[in-house]
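This briefing covers helix packing, nonpolar cores and one strand residue. The structure is shown first, and the notes follow by topic.

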Amino acid sequence: MGAAHAASIPEVCGDAALYFDPLSVDAIVAAMRRFLTEDALCQQLRRTGLARAAGFGWGPAAVVLRGALPVESRA
Amino acid sequence: MGAGSRGAARRAARREPRMKVLQISKFFPPVMGGIESVAWELAEGLNRAGVRTDVLCSNRSPVTTREHPPGGYDVLRSASWGMFQSTSMAPAMIPQLCRLADEHEVLHVHMPDPMAAIALWAARPRGKVVVHWHSDVIRQRVALRLYQPLQQWLLGRADAVVATSQAYADASDVLRPWRQKVTVIPIGISDNHGQACNEKAAAIRQRFRQRRIIFSLGRMTYYKGFDVLIDAAAELPDDCVVLIGAKVNCSTSTGPWSPGEAWRERSICGAHQRRRAAEPFRGVRRFLLAFDRTR
C-alpha cells in the first residue's frame, strides 16, 4: 500500500505503507513505479498491512467505548 | 464487531438496566463518508449487542424521513435546505432533538457538525453527552469564529470525549483543555464486505487483464488529493491503469442498502485516460490511500 505522509495516515498505517508527499506528482509517480516493478515490496507491504489491519477491530473499540460511557448510564 | 466481543457485549448488556443511545451524525448511510461509516458501525454494533441505539441525522432533501433498518432501530433524517460552509442546514433537527433527548439516556454526537451542536445547545439534554471528535474545523476560518463558542460549550457539556487517535488528541488545540475527558478509540476496520467484493475484484482483473492495476479509494471530494493522483497517473506507462474507487451519487436513498453499495463506480484514470468503471479493492495488489488535505 502507498499512502500520503500526512495527517493521521502514518500513525494508522505504521510500517505497512510506502509513503509519499501527497502534493508532489513526482513523488506519487515514483511510488507507483516502485509498486509496478517491485513485487517483493508489494508482497511485504501486503503482509504487513493485513497484520496491522487486524489490530483495528470494532470489537476492542466497542469495549473501550462502553468503558467511556458515563458510569450512571452503564449502571 | 467480532462474534466474541458481540457475545461479551450481550452478556454485559443483560447485566445492566436498559439504556437507549442516540447517535447524532451529520449524515448516515447510504450517504457515505468516514464519519457516517463510524456512526453506522456503532448503531449496528450497539443494537446487536442489545443496547438500543437510534440515529438522528440530516437528510439530503427538504423532507424529514424516518426509516427502520433491519437492525431494528430508527433513523430520523431531518429535512435539510442544503449545505453552507460544509454544514447541512437542517433546522428541523432542533425540535426533533429536543424531543428525542428525553427518550435517550446517552446522546452520542459526531463532530464537527455545527447543526448538531446548535440542536444540542437548544435541547439542553438531561442525559449524558458523548462527543466523538473526528476532526477540528480547519478550513472554514470565518465560520469557526462564530462556531467556536458553541464548540466550547459542547466540549464543556460533554461527559466524555472520544478521539480517534492519541496523536490527534495530543495535537488538537481544541481538545487540549478537555484532556481529562478524552478516551482514545481508534476507528475499526469492518470485515463485512466479503464475497461480493471478491467477485467484483475478479471482474475488474478480468476487464483489465492486459494492464497493471493501481487502485485508490476514497470519497470523491476536493481534499482527498485525487487531482494530484490523476496528474501522476498520466506519467505512467500505457500498460498501467489507476482505478479510483468512490461513490459518485451520494444522494439519499430511502430503500434498503448495504455497505457494498459504497463501492460505486467512478472514473478510471491512467495515461491520460479517464473512463468509467469501478469496484472494491480486495485482491488488488497495489493500493494507494487517499488522504485528508484539511488536517
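Apart from neighbours within four places in sequence, B:V131 is in contact with B:V109, B:M111, B:L154, B:L155, B:A158 and B:V161. The model is predicted. B:V131 is also among the residues with the most contacts inside the largest nonpolar core.

**Nonpolar cores**

- The largest nonpolar core has 55 residues.
- Inside that core, the residues with the most contacts are B:V55, B:L56, B:L120, B:V131 and B:V161.
- B:V161 also appears in the contact list of B:V131.
- A second core, separate from the largest, has 27 residues and includes A:C13, B:L229, B:C240 and B:V242.

**Helices α3 and α4 of chain B**

- Two packed helices are described by the angle between their axes and the distance between the axes.
- Helix α3 of chain B spans residues 93–101 and helix α4 of chain B spans residues 114–123.
- Their axes come within 8 Å and cross at roughly 50 degrees, so α3(B) and α4(B) are oblique to each other.
- The crossing of α3(B) past α4(B) is right-handed.
- On the α3(B) side, the contact is made by B:M93, B:I94, B:L97, B:C98 and B:A101.
- On the α4(B) side, the residues met are B:M115, B:A116, B:I118, B:A119, B:L120, B:A122 and B:A123.
- By class, the residues of this contact are 12 nonpolar, no polar and no charged.
- B:L120, one of the α4(B) residues in this contact, is among those with the most contacts inside the largest nonpolar core.

**Helix α2 of chain A and helix α8 of chain B**

- Helix α2 of chain A (residues 25–37) packs with helix α8 of chain B (residues 226–233) at an angle of about 60 degrees, with the axes 9 Å apart.
- That angle makes α2(A) oblique to α8(B).
- α2(A) passes α8(B) in a crossing that is right-handed.
- A:V25, A:I28, A:V29 and A:M32 in α2(A) meet B:V228, B:L229, B:D231 and B:A232 in α8(B).
- This contact of α2(A) with α8(B) has 7 nonpolar, no polar and 1 charged residues.
- B:L229, which takes part in the contact, is included in the second core.

**B:T65 in strand β3**

- B:T65 lies in strand β3 of chain B, which covers residues 65–67.
- B:T65 counts as partly exposed because it has 13 C-beta neighbours inside 10 Å.
- B:T65 and B:A79 are 14 residues apart along the chain, and their C-alpha atoms are separated by 7.6 Å.

How values were computed
Residues are numbered from 1 along each chain as its sequence is written. Chains are lettered from A and ligands numbered from 1 in the order in which they are written. This is a predicted model: local features need pLDDT of at least 70, side-chain atom pairs count only at pLDDT 80 or more; totals for chains, interfaces and linings use all residues. Helices (H or I, at least four residues) and strands (E, at least two) are DSSP runs, numbered from the N terminus. A residue is buried if 20 or more other C-beta atoms lie within 10 Å of its own, exposed if 12 or fewer, and partly exposed in between; C-beta atoms are placed from the backbone. Axes are lines fitted to C-alpha atoms, for helices over the stretch in contact, and angles run from 0 to 180 degrees between N-to-C directions. Angles under 35 degrees count as roughly parallel, over 145 as roughly antiparallel, 65 to 115 as roughly perpendicular and the rest as oblique. A crossing is left-handed if the near helix is turned anticlockwise from the far one by less than a right angle, and right-handed if clockwise. Two residues are in contact if their C-beta atoms, placed from the backbone, lie within 7 Å. Ala, Val, Leu, Ile, Met, Phe, Trp, Tyr, Cys and Pro count as nonpolar, Asp, Glu, Lys and Arg as charged, and the others, Gly among them, as polar. A nonpolar core is a set of buried Ala, Val, Leu, Ile, Met, Phe, Trp, Tyr and Cys residues joined through C-beta atoms within 7 Å.
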